[in-house]
Amino acid sequence: MAESPTILVIGPRWVGDMVMAQCLFAALKEKHPNAAIDVLAPAWAAPLVKRMPEIRCQIDFPLMPGALEFRSRRRFGRLLRGRYDMAYVLPGSWKSALIPFFARIPRRVGNLREMRYGLLTDIVPLPDALKRRTAQAYFGLARGGTFRAPKLTVDAANQADLLALSGLDTKKFVALMPGAEFGPAKRWPSEHYAELARGIMAKGFAVALLGSKNDAEVTGEIARLAPGAIDLAGRTKLEDAIDLIAAAKLAVSNDSGLMHVAAAVGTPIVAVYGSTSPENTPPLTDRSELIWLHLSCSPCHRKVCPLGHLNCLKTLDVARVEAAADRLLKVPAAA
């Protein structure tokens with residue numbers, strides 16, 4: 001192995017998974033301090049990857065999610081020939097291992113998953129206990145090093161500009177992230193978030209609603225039910241959300257990508273779980289409260305409640321979440 005290996009990582013396609021992938025990047029840098037690590041990922045990931053000091057650059061993944069596009073993968077892989085000594089394949093699909101194979105990268109590391117014999121040269125066993133524990137599974141691909149929680153850098157100048165434009169003050173507001181790209185079975189109801197927002201504002205904190213343009217309908221409903229909440233969903237870029245969350249006194253979130261961002265910038269977080277489990281994908285921070293009813297039907301890991309009632313989230317009362325928020329905000333309990 002070269003003293004300064006060049007490493008290509010085939011990255012995941014979800015924000016939270018990309019944040020957790022930093023556990024692998026840090027371990028690789030510890031093992032190979034002079035390594036140059038590039039990440040092949042969708043274009044949206046570039047602002048996130050730039051906040052990871054372990055990464056040299058992000059290469060735009062040219063294909064649509066879920067598409068095989070065998071010829072395109074072969075063509076793209078050939079363009080990368082001779083550039084890398086090692087590749088790490090984080091997604092578990094067969095097609096995700098094609099580009100490193102066509103690039104003829106000498107060492108291609110990953111879990112077996114979809115029977116990837118031949119496509120990978122180094123198959124790392126994945127114990128059943130880790131199949132849904134994403135951060136630990138990614139870290140295990142390094143086969144050594146120290147497990148470190150993700151830590152994203154913050155752009156102080158951009159943060160100051162954003163706070164000024166939105167009328168927010170550092171550590172005097174709570175960020176609510178009510179969206180979840182995975183599906184509705186991860187989303188605590190809007191009316192619950194609105195009640196929580198009203199309670200937080202009554203304690204003297206401002207409330208900012210953050211998310212992508214796909215979350216704008218949800219945040220808009222919350223803003224209507226909680227007058228005074230500042231709705232920024234769809235109005236900020238991913239890098240802006242990172243800097244705003246870092247300035248918040250507290251974040252409250254579903255099990256989502258922005259939950260992992262909050263942990264990675266050191267903001268205390270209350271994380272609400274429904275169809276997924278905090279045992280598998282918790283925010284990697286000690287400054288958190290994890291709220292989960294642990295019903296007999298959960299975790300089901302489904303995008304939509306298969307029973308049609310969504311009790312794992314609808315019956316999770318606001319008082320429980322607000323009490324957790326108060327503990328992290330260090331708000332005195334009511335007499």
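Is Cys297 buried, partly exposed or exposed? Cys297 is partly exposed, with a relative accessible area of 30%; buried means under 20% relative accessible area, exposed over 50%, and partly exposed in between (1.4 Å probe, protein chains only). The exercises below continue from here.

The model is predicted, so local features need pLDDT of at least 70 and side-chain atom pairs count only at pLDDT 80 or more, while totals for chains, interfaces and linings use all residues. Residues are numbered from 1 along each chain as its sequence is written, and side-chain values use heavy atoms, with hydrogens and water left out.

**Exercise 1. Cysteines**

Task: find how many disulfides the structure has, and check Cys297.

Solution. Begin with the criterion: a disulfide is a pair of cysteine sulfur atoms within 2.5 Å. Next, apply it to Cys297: the closest cysteine sulfur belongs to Cys312 and is 6.1 Å away, too far for a bond. The count by this rule is 0 disulfides. To finish, look at Cys57, which is partly exposed with a relative accessible area of 29%.

**Exercise 2. Salt bridges**

Task: count the salt bridges and describe what the pairs of Arg51 and Arg143 connect.

Solution. Start with the rule: a side-chain nitrogen of Lys or Arg lies within 4 Å of a carboxyl oxygen of Asp or Glu. The count comes to 11 salt bridges.

Now take Arg51, whose side chain meets that of Asp243 at 2.8 Å, N to O. Arg51 sits in the loop between α3 (46–49) and β3 (57–60), and Asp243 in helix α10 (residues 238–247), so this pair links distant parts of the chain, 192 residues apart. Helices (H or I, at least four residues) and strands (E, at least two) are DSSP runs, numbered from the N terminus. Both Arg51 and Asp243 are buried.

Move on to Arg143, which forms a salt bridge with Asp122 at 3.1 Å, N to O. Arg143 lies in the loop between α6 (134–140) and α7 (156–166) and Asp122 in strand β6 (residues 122–123), so the pair ties together parts that are 21 residues apart in sequence. Arg143 is partly exposed at 43% relative accessibility, whereas Asp122 is buried at 17%. Salt bridges with shared partners join Arg107, Asp122 and Arg143 into one network.

**Exercise 3. Aromatic rings**

Task: classify the pairs Phe139 with Phe147 and Trp188 with Tyr193.

Solution. Use these limits: rings of Phe, Tyr and Trp (its six-membered ring) pair if their centres lie within 6.5 Å, and planes under 30 degrees apart count as stacked, over 60 as edge-to-face and the rest as tilted. The whole structure holds 4 aromatic pairs. For Phe139 and Phe147, the centres are 5.3 Å apart and the planes stand at 85 degrees, so the pair is edge-to-face. Phe139 is buried at 17% relative accessibility, and Phe147 is partly exposed at 32%. Trp188 and Tyr193 are also edge-to-face, with 5.0 Å between centres and 75 degrees between planes; both residues are buried. Phe70, Phe101 and Phe102 form one aromatic cluster.

**Exercise 4. The sheet**

Task: give the strand order of the open sheet of 6 strands and find its edges.

Solution. Two strands pair if DSSP finds at least two bridges between them. The order is β9-β8-β7-β10-β11-β12, with parallel pairing. At the edges stand β9 (230–231) and β12 (288–291), each with a single partner strand, so one side of each is left without a neighbour in the sheet. Finally, β7 (residues 173–177) and β10 (residues 250–254) pair over 4 bridges, and Met177 has Ser253 in β10 as its bridge partner.
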